[in-house]
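I opened the model today to look up how the strands, helices and buried residues fit together. My entries follow in the order I made them.

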Amino acid sequence: MNIFVVNSGSSSIKYQLFRWPAQQPVCSGLVERIGYPNATITHKVFTTETPRETRRTLALPDHEAGLREVVALLTDAEQGVLHDPSEVEVVGHRVVHGGETFAATTEISPEVKAEIRRLFALAPLHNPANLLGIEVAERIFPQARQVAVFDTAFHQTLPEYAFRYALPEQLYTEERIRVYGFHGTSHQYVAQQAAAHLGLPDARLITLHLGNGCSAAAVRAGRCLDTSMGFGPLAGLVMGTRTGDLDPSIVLHLMGQLGYSAEQISNLVNKESGMLGLTGLSDMRDITKALEQGDIRAALAYDLYAYRIRKYVGSYAAVLGGLDAVVFTAGVGENDALVRQKACQGLEFLGIELDEAENQQRRPGIREISRPGSRVKVLVVPTNEELAIASQCAELLTK
């Protein structure tokens, strides 16, 4: 079964093609700067021992033009992996917000698209681009079954006392203001991988998705019981440019006393804060270099970033009633040894004991970085959202 996974952003398309049940992609790629005269396509093919890479710079006026260029690469006479687009049997789409409607992977229908459109207000930066990707793929792959995998779906198992806010009842019943959570596909995938690695289907896990966006989840027996992001993706951990947890009084003060508009506050908390606000830098690799050069702002930012993680690990250990493993994943979680070291520091009372030498190693696949005999395992589990989407598509359509 040829499964083509599409992740459409506002000006980008990320994709992978799988020949299921093989779990290694046949090819992958990224289309960037759609709508600009200097758009780029980076396309990699993995059908030979040495991966082949193609890079192109060209004008792409819209997503349809971008996806048609991708199809041309997929079916190229010399480097293509398909003879014809009709060979794609399933297109799996990442959709950020499924609201309360979608608690599982769903085959796309006109009704599903209408609901994704209705949820634009809850994810104005993501759902419109996701729906656009669906509509373009329907035109380009009319024979394929289209499937939506929702970032919020995994968190629909939260109990009501965890997903409700202490606001007047009608704001939930009429406006559906509640915790939705995000990064669900990643949290679900690494939780499954960690439980299988440990041989514990009922494992009590804290999964830490640390990238430019960051979130934590408390997972027991494969079910999410709590997560750090809330109604939107701002709450919880400190992120590249987002604040994480913030006293709402600050927003009222900015509006009432300093004259900030709603748009200015949105830009402030989403694009100008987090590690960028603390250091002037948003990429942890750059902040690490600044730290090594003695930058005191970088030192404070690292401490604050790790402190917030420790707070969530402690609270989620209480939510789970104990802990079997802490799981680090995504770009920072998988690659930044200092973040992991600082995040685990002082948590020995919970049974978390980091092996400093193992923590410094870089190896592919799942690895344990806790000391031998540590009561709680510390794991690094590479995330693979595209593989998770392909897997969920295959599971849905072969039931």
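Which residues does Thr329 touch, not counting residues up to four places away in sequence? I noted first that this is a predicted model. I then listed Ser186, Val190, Leu208, His209, Leu210, Glu334, Val381, Pro382 and Thr383 as the residues Thr329 touches beyond that range.

**Entry 1: Thr329**

I placed Thr329 in strand 12. Its relative accessible area is 1%, and because buried means under 20%, Thr329 counts as buried. I also checked its side chain for a polar partner. A polar atom there lies 3.1 Å from the backbone nitrogen of Thr383, and Thr383 is also one of the residues that Thr329 touches.

**Entry 2: the sheet of six strands**

I traced the sheet that holds strand 12. Six strands form this open sheet, with mixed pairing, in the order 11-10-9-12-14-13. The edge strands are strand 11 (223–227) and strand 13 (367–368), each of which pairs on one side only. I followed strand 13 to its partner, strand 14 (residues 377–380), and found two bridges in the antiparallel sense. Glu368 has Leu379 of strand 14 as its bridge partner.

**Entry 3: Ala217**

I went on to strand 10, where Ala217 is found. Ala217 is buried, with a relative accessible area of 0%. I looked for its contacts beyond four places in sequence and found His187, Leu205, Ile206, Thr207, Cys224, Asp226, Thr227 and Tyr316. I took the spacing to Tyr316 as well: the two residues are 99 apart in sequence, yet their C-alpha atoms are 7.8 Å apart in space.

**Entry 4: helix 11**

Tyr316 is among the buried residues of helix 11, so I checked the span of that helix: 25 residues at 1.5 Å each should cover 36 Å, and the end C-alpha atoms are 36 Å apart, which agrees. The other buried residues of helix 11 include Ala298, Ala301, Tyr302, Arg308, Tyr312 and Leu320. At the start of the helix, a side-chain oxygen of Asp295 comes to within 2.8 Å of the backbone nitrogen of Arg297. After the helix comes Gly321, with a positive phi near 70 degrees.

**Entry 5: the nonpolar cores**

Which residues of the largest nonpolar core touch the most other members? I found Leu208, Leu210, Tyr305, Ile309, Val313 and Ile352, in a core of 42 residues. Strand 9 (204–210), strand 10 (214–220), helix 10 (284–292), helix 11 (296–320), strand 12 (325–329), helix 13 (337–344) and strand 14 each supply at least two residues. Helix 11 gives the most, with 10 residues.

I looked at Ile352 in more detail. Leaving aside neighbours within four places in sequence, Ile352 is in contact with Val313, Leu323, Val326, Cys344, Leu347, Ser374, Val376 and Val378. Another core, of 34 residues, lies apart from the largest one, and Cys224, Val327, Leu387 and Ala394 are among its members.

**Entry 6: the sheet of eight strands**

I then turned to the other sheet on my list. Eight strands form this open sheet in the order 5-4-3-2-1-6-8-7, again with mixed pairing. Strand 5 and strand 7 (106–107) have a single partner strand each, so one side of each is left without a neighbour in the sheet.

I counted bridges from the strand 5 edge. Strand 4 (residues 39–45) and strand 5 (residues 52–58) run antiparallel and are joined by seven bridges. Ala39 stands opposite Leu58 there. The two strands form a hairpin, with six residues between them. Strand 4 also pairs with strand 3 (residues 27–32), in the antiparallel sense over six bridges. In that pair, Ser28 has Lys44 as its bridge partner.

**Entry 7: helix 3**

What does helix 3 (residues 127–140) lie across? I found strand 1 (2–8), strand 6 (90–95) and strand 8 (145–150), with the helix running at about 170 degrees to strand 6. Its 14 residues should span 20 Å at 1.5 Å a residue, and the end C-alpha atoms are 20 Å apart, which agrees.

I listed the buried residues of helix 3 as Asn127, Ala129, Asn130, Leu131, Gly133, Ile134, Val136, Ala137 and Ile140. They pack against strand 1, strand 6 and strand 8, and also against helix 1 (63–74) and helix 2 (110–118).

How values were computed:
Residues are numbered from 1 along each chain as its sequence is written. This is a predicted model: local features need pLDDT of at least 70, side-chain atom pairs count only at pLDDT 80 or more; totals for chains, interfaces and linings use all residues. Side-chain values use heavy atoms; hydrogens and water are left out. Two strands pair if DSSP finds at least two bridges between them. Helices (H or I, at least four residues) and strands (E, at least two) are DSSP runs, numbered from the N terminus. A nonpolar core is a set of buried Ala, Val, Leu, Ile, Met, Phe, Trp, Tyr and Cys residues joined through side-chain atoms within 4.5 Å. Buried means under 20% relative accessible area, exposed over 50%, partly exposed in between (1.4 Å probe, protein chains only). Contact means heavy atoms within 4.5 Å. A polar contact is a pair of N or O atoms within 3.5 Å; within protein, one must be able to donate a hydrogen and the other to accept it, and residues adjacent in sequence count only if both atoms are side-chain atoms. Axes are lines fitted to C-alpha atoms, for helices over the stretch in contact, and angles run from 0 to 180 degrees between N-to-C directions. The expected span of a helix is 1.5 Å times one less than its number of residues.
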